[in-house]
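Reader: I want to check the labels on this model before I rely on them. Can you take me through the reasoning behind each one?

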Amino acid sequence: MRVLGIETSCDETAASVVALDGDSAPEILSNVVLSQIEEHAAFGGVVPEIAARAHVEALDGIVEAALTDSAVSLDEVDAVAATAGPGLVGGLIVGLMTAKAIAAAANKPLIAINHLEGHALTARLTEGLDFPYLLLLVSGGHTQIVAVRGVGDYQRWATTIDDALGEAFDKTAKMLGLPYPGGPNVEKAAAGGDASRFAFPRPMKGSAQPDFSFSGLKTAVRQAATAIAPLSDQDVADICASFQAAVADALGDRVARALARFRKEFPETAKPALVVAGGVAANRTIKATLEARCSKAGFAFVAPPQKLCTDNAAMIAWAGIERLRAGMVDASAADFVPRSRWPLDSVSAPLVGSGRRGAKA
Ligand code: KG4
Ligand code: ZN
């Protein structure tokens, strides 16, 4: 089985070919990702119009590169899978329409993939993980805990009631004059800071439902920064370290709740696992906190390679393979309309928070 995957839901233009032969481990034959960070850096965040235009300009070449790298011709692929939501609608239209055109021209089935499903199933591509397991997705657009029970069988146990975690890192960086994207720069500054200097709030800590909130923390950072302005480099480092410690602490608490719930709901799972995905999972302080929580609760901690944790098309191609082999593909995908909002599970009602919800909430 060979599937061509296309991803254009945010600010990465990506294409990939993934293969699965019999019972052997799946293989990523190509994985081409073009980041638009430079196009958006001057604006301190992703500008949807710029993103859509950049996808239009780049996508054909990226698909061609993915096919060339994989040494697989379009004739040899079994299906074309593309992210159809959730995300920025301009980019989704570019990716899905391109995939529809390729699939129609090559007479192959089209598979419309939920971007979150791509993240959710990545650990099966990289580690061959069995269902069920728990997923923590922390990126610029999402902050969710999902029970992954099977292909197409997901239950969202927690989400953010306001900002996504990556968004909180990016906004904190902006307030402190650090460049975009904020996460890596906050982490770098924090390395030389005193995490105990500012007692920032631990949002939602102790609440029974493992949901997240980050807008109050962001306000606390702004107030602390305003109170001691102008900021020295040491002040910035101390604020970053204190912010990161608050985030790690709050996240650890939320995840511990979810681990306990998993134990209760899936008592027959001998070796339960927590999988992390999303750009924020690169943060070493956060990773260490999660690892510690997992080992305390007897969970395996699974962090796929970083380039498969952040947005890429290999995860979309793989989700296509999972759907194809489960017989979950039909002709209706040719009529699929991109969805800017598309929850992974249709059961959990969307949460309405006090702040702005991320584009991909
Ligand atoms: O998954 P991703 O590459 O893209 C999407 O959001 O879809 O995640 C990007 C987010 C950004 O908000 C970025 O600031 C954050 O991940 N990030 C980090 C780190 N590296 C990236 N946040 C904290 N620490 C990091 N080392
Ligand atoms: Zn993503």
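**Labels and the values behind them**

Author: Ala 190 is buried, with a relative accessible area of 8%. Keep in mind that this is a predicted model.

Reader: Why is Ala 190 called buried?

Author: Buried means under 20% relative accessible area. Ala 190 has 8%, so the label applies. This residue lies in helix α6.

Reader: Which residues does Ala 190 touch?

Author: Leaving out residues up to four places away in sequence, Ala 190 touches Ala 237, Cys 240, Ala 241 and Gln 244. Contact here means heavy atoms within 4.5 Å. One of these partners, Cys 240, is itself buried, at 0% relative accessibility.

Reader: How far is Ala 190 from Glu 12?

Author: Their C-alpha atoms are separated by 27 Å. Along the chain the two residues are 178 residues apart.

Reader: How do you know how many disulfides there are?

Author: A disulfide needs a pair of cysteine sulfur atoms within 2.5 Å. By that rule the count is zero. Take Cys 10: its closest cysteine sulfur, in Cys 309, is 16 Å away, so the distance is too far for a bond. Cys 10 also counts as buried, at 15% relative accessibility.

Reader: What makes the zinc ion (ligand 2) coordinated?

Author: Donors are N, O and S atoms within 2.8 Å of the metal. His 115 (NE2), His 119 (NE2) and Asp 311 (OD) coordinate the zinc ion (ligand 2) at 2.1 to 2.2 Å, so they meet that cut-off. Water is not among the atoms, so the site may look incomplete.

Reader: What spacing do the donors of the zinc ion (ligand 2) follow along the chain?

Author: The spacing is H-x3-H-x191-D. His 115 lies in helix α4, and Asp 311 in the loop between α10 (306-309) and α11 (314-325). The pair therefore ties together parts that are 196 residues apart in sequence.

Reader: Are His 115 and Asp 311 buried or exposed?

Author: Both fall under the 20% limit, so both are buried. His 115 has a relative accessible area of 0%. Asp 311 has 10%.

Reader: What is the strand order in the open sheet of five strands?

Author: The order is β8-β7-β6-β9-β10, with mixed pairing. Strands β8 (153-159) and β10 (300-302) are the edges, since each pairs on one side only. Neighbouring strands are turned by 25 degrees against each other on average, direction ignored.

Reader: How do you know that β7 and β8 are joined?

Author: Two strands pair if there are at least two bridges between them. Six bridges join β7 (residues 143-150) to β8, so the rule is met. The two run antiparallel. Within the pair, Val 146 stands opposite Arg 156 in β8.

Reader: Which helices pack on the sheet?

Author: Helix α4 (residues 115-126) does, touching β6 (133-138), β7, β8, β9 (273-277) and β10. Its direction makes about 130 degrees with that of β6. Helix α8 (residues 233-265) packs there too, touching β6, β7, β8 and β9. For α8 the angle with β6 is about 160 degrees.

Reader: Which residues touch the most other members of the largest nonpolar core?

Author: They are Leu 134, Leu 136, Ile 145, Leu 165, Phe 200, Phe 243 and Ile 286, out of 47 residues. Helix α8 supplies the largest share, 13 residues. Apart from this core lies another, of 32 residues, among them Ala 81, Leu 135, Tyr 154 and Val 302. Beyond its neighbours within four places in sequence, Ile 145 is in contact with residues including Leu 134, Leu 136, Trp 157, Phe 212 and Val 255.

Reader: What makes Ala 71 exposed, and Met 204 partly exposed?

Author: Exposed means over 50% relative accessible area, and partly exposed lies between 20% and that value. Ala 71 is at 66%, so exposed fits. Met 204 is at 26%, so partly exposed fits. Each has a positive phi without being glycine: about 60 degrees for Ala 71, near 70 degrees for Met 204. Ala 71 is in the loop between α2 (48-70) and β4 (79-85). Met 204 is in the loop between α6 and α7 (215-228).

Reader: Which peptide bonds are cis?

Author: One runs from Phe 131 to Pro 132, with omega near -10 degrees. Another runs from Tyr 180 to Pro 181, with omega near -5 degrees. Pro 132 sits in the loop between α4 and β6.

Conventions: Residues are numbered from 1 along each chain as its sequence is written. Chains are lettered from A and ligands numbered from 1 in the order in which they are written. This is a predicted model: local features need pLDDT of at least 70, side-chain atom pairs count only at pLDDT 80 or more; totals for chains, interfaces and linings use all residues. Side-chain values use heavy atoms; hydrogens and water are left out. Buried means under 20% relative accessible area, exposed over 50%, partly exposed in between (1.4 Å probe, protein chains only). Helices (H or I, at least four residues) and strands (E, at least two) are DSSP runs, numbered from the N terminus. Axes are lines fitted to C-alpha atoms, for helices over the stretch in contact, and angles run from 0 to 180 degrees between N-to-C directions. Donors are N, O and S atoms within 2.8 Å of the metal (3.2 Å for Na, K and Ca); water is not among the atoms, so sites may look incomplete. A nonpolar core is a set of buried Ala, Val, Leu, Ile, Met, Phe, Trp, Tyr and Cys residues joined through side-chain atoms within 4.5 Å.
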